[in-house]
Amino acid sequence: MIIRPTSAVVLQGTLDAATAKLAAVTPGFAFAPGRVLFGTRESPGLYCDLMRNRGLGSSAACLNDIDRDGLFDEAVRFDFNSASADRVFITDKGKVRGGKLKKRYPLAQKVAYAVAPAGNLAEARIGLLWADSPSNKARPGQPPLVELLITDGDNFTGTQIMSSSYALVPVSSGLQTLDFYGARITLKAIAADGALQFDLSASPEPRPIGLVFRGYRLVLIGY
């Protein structure tokens with residue numbers, strides 16, 4: 001599956017030099033006319049660049065129109081954090097990653113922006129994940145249940161981006177079809193090796209997908 005932001009804008013002016021230096025993620029990054037920034041319905045007025053590598057970590061540089069008057073009022077930086085995140089970003093590698101609010105910098109002068117031409121949206125790839133439901137052990141003689149959710153997969157930090165909702169579906173000898181975040185999924189059976197047999201087709205129209213960040217889980221063992 002491909003996900004995209006819900007909107008994009010084009011910067012019409014240049015930030016003052018001091019704020020631009022503080023807000024930059026990489027030395028070559030510039031908040032200059034023509035820079036395309038991306039927004040979501042959940043954060044009106046906030047438009048961000050892609051999340052990019054920054055030293056040993058990664059960050060996303062954003063601009064915020066606080067009063068929604070068509071002029072940016074502040075620069076904002078989000079840093080990747082493996083424990084928690086305030087929002088989800090698309091990276092410059094076409095992945096998704098969580099970012100936590102790090103800094104706010106008021107602009108010396110407001111900067112205008114305009115709606116970007118259609119088609120100027122970044123994108124990332126996510127996938128469908130299924131797992132045996134833990135409740136199967138308590139349901140002898142009943143069709144097995146599978147849990148379906150959208151995810152970016154595991155990464156080296158042990159964190160994950162997942163859909164805010166999941167589906168719990170019985171898999172029997174008959175076909176089970178459901179619409180899940182715009183994807184039509186027909187569950188057929190569970191093969192002898194444990195593989196889930198299914199057909200998948202995407203909706204012709206884009207559908208909103210609510211994504212959440214699962215932070216690193218610390219396991220404590222008591223004696």
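Trainee: What makes strand 2 and strand 3 (residues 36-39) a pair?

Mentor: Two strands pair if DSSP finds at least two bridges between them. Strand 2 and strand 3 are joined by 4 bridges and run antiparallel, so they meet that criterion. One bridge sets Ala8 opposite Phe38 in strand 3. Strands here are DSSP runs of E of at least two residues, numbered from the N terminus. This is a predicted model, in which local features need pLDDT of at least 70, side-chain atom pairs count only at pLDDT 80 or more, and totals for chains, interfaces and linings use all residues. Residues are numbered from 1 along each chain as its sequence is written, and side-chain values use heavy atoms, with hydrogens and water left out.

Trainee: How many bridges join strand 2 to strand 9 (residues 96-115)?

Mentor: There are 3, and these two strands also run antiparallel; Leu11 has Tyr113 as its bridge partner in strand 9.

Trainee: Why is strand 2 called mostly covered?

Mentor: Buried means under 20% relative accessible area, exposed over 50%, partly exposed in between (1.4 Å probe, protein chains only). In strand 2, 4 of its 5 residues are buried.

Trainee: What makes the set that includes Val96 and Leu148 a nonpolar core?

Mentor: The term denotes buried Ala, Val, Leu, Ile, Met, Phe, Trp, Tyr and Cys residues joined through side-chain atoms within 4.5 Å. The largest such core has 26 residues, and Val96, Leu148 and Phe180 are among those with the most contacts inside it. Strand 2 (7-11) and strand 12 (145-151) are among the elements giving two or more residues to this core. A second, separate core of 18 residues includes Leu11 and Ala24.
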